[in-house]
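Student: I should like to go through the voids and one sheet of this protein. Could we begin with the structure itself?

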Amino acid sequence: MPNKLPTALAVALLSLAPALHAQRPPSFTLDQVKSYPFPNELTAATTGSRIAWAFNESGVRNVWVAEGPEWKARAVTSYRIDDGQELTSIAISADGKFVTYVRGGEHSANWEGPPPNPTANPVAPKVQIWSVPFAACSSTAACEPKMLAEGDDPEVSPHGDRVAFVKDRQISIAPIDGSSAAKKLFSAGGNVDEPQWSPDGSSLAFVSNRGDHAFIGVFRNDSTSILWIAPSTSRDASPRWSPDGKRIAFVRSPGNGGAPDSILVRQR
């Protein structure tokens, strides 16, 4: 004989059915899911009480800022189209005057390729570095973001006046206010990336990727040779300066080719 619920329990469940049905959460649409607003890329100034972040509203991305003690949020960009161009690398200059950011690209992807173009724009999107004043301006034109250059991975100088960035696998530099054109900072072998300013802004550490190995280099000025930090056949990455600017920490992993053969060993 199959098990049967006691009569009293069956009656109780039947009486609860309408209530359970009423508690079922309402359905929602795909448009509601896609339109859910969310912030990301939150960053803070190194001094003072200023913060900036990216805000996605129904796919339209803009840069927002706030300042203490009121912390009243406001947008400093006015992009109005959901064109799939993400906002990344948001930073505030040390003096708090400018916000820099990258517009375009797909930085979470595991592949290299052109920026997404979901709107099928005949003019291909580009990965570009921009800056915009933090403070509210007296005129709209003065508050308009300025495109500093095509490139990626921007690093604002500790003095807040220049931005180093990666372009064409080398390091370029541009004034943060866009007052003059960007230019290549120096020439180095390999594919160069990961620029890191020293605390006093006088030097720039970087990574030179040579394929099966990579070096950490330090650029000082046009008249001083590049300093290579403990070069080897290993892959070095992620340089970081000590607060006093006297040391550099970095990550070292084995090179792709393995340990080099000794020249003293007889080869067949």
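Student: Which residues line the largest cavity?

Tutor: This is a predicted model, in which local features need pLDDT of at least 70, side-chain atom pairs count only at pLDDT 80 or more, and totals for chains, interfaces and linings use all residues. Residues are numbered from 1 along each chain as its sequence is written, and side-chain values use heavy atoms, with hydrogens and water left out. On a 1 Å grid over the protein atoms alone, a cavity is a set of points where a 1.4 Å probe fits but cannot get out, and lining residues have an atom within 4 Å of a point. By that criterion the lining consists of Gly-59, Val-60, Arg-61, Tyr-79, Ile-81, Asp-82, Asp-83, Gln-85 and Arg-103.

Student: What is the volume of the largest cavity?

Tutor: Grid points are joined across faces, edges and corners, and a volume is the space filled by probe spheres set on the points. The structure holds one cavity of 30 Å³ or more. The volume of the largest cavity is about 30 Å³.

Student: Arg-61 belongs to that lining; which residue is its bridge partner?

Tutor: Strands are DSSP runs (E, at least two residues), numbered from the N terminus, and two of them pair if DSSP finds at least two bridges between them. Strands β2 (residues 50-57) and β3 (residues 60-67) run antiparallel and are joined by eight bridges. Arg-61, in β3, has as its bridge partner Asn-56.

Student: Which strands stand at the edges of the sheet, and why is one side of each left without a neighbour?

Tutor: The sheet is open, with four strands in the order β1-β2-β3-β4 and antiparallel pairing. Each edge strand has a single partner strand, so one of its sides lacks a neighbour in the sheet; these strands are β1 (38-44) and β4 (74-75).

Student: Which element gives the most to the lining of the largest pocket?

Tutor: A pocket is an open set of points with protein on both sides within 12 Å along at least five of seven lines. The largest has a volume of about 920 Å³. Of its 30 lining residues, Glu-112, Gly-113, Asp-152, Asp-153 and Val-166 are the closest to its centre. The greatest contribution, four residues, comes from β13.

Student: How many charged residues line the second largest pocket?

Tutor: The second largest pocket has a volume of about 470 Å³. Asp, Glu, Lys and Arg count as charged, Ala, Val, Leu, Ile, Met, Phe, Trp, Tyr, Cys and Pro as nonpolar, and the others, Gly among them, as polar. Its lining has twelve nonpolar and seven polar residues, and the number of charged residues is two.
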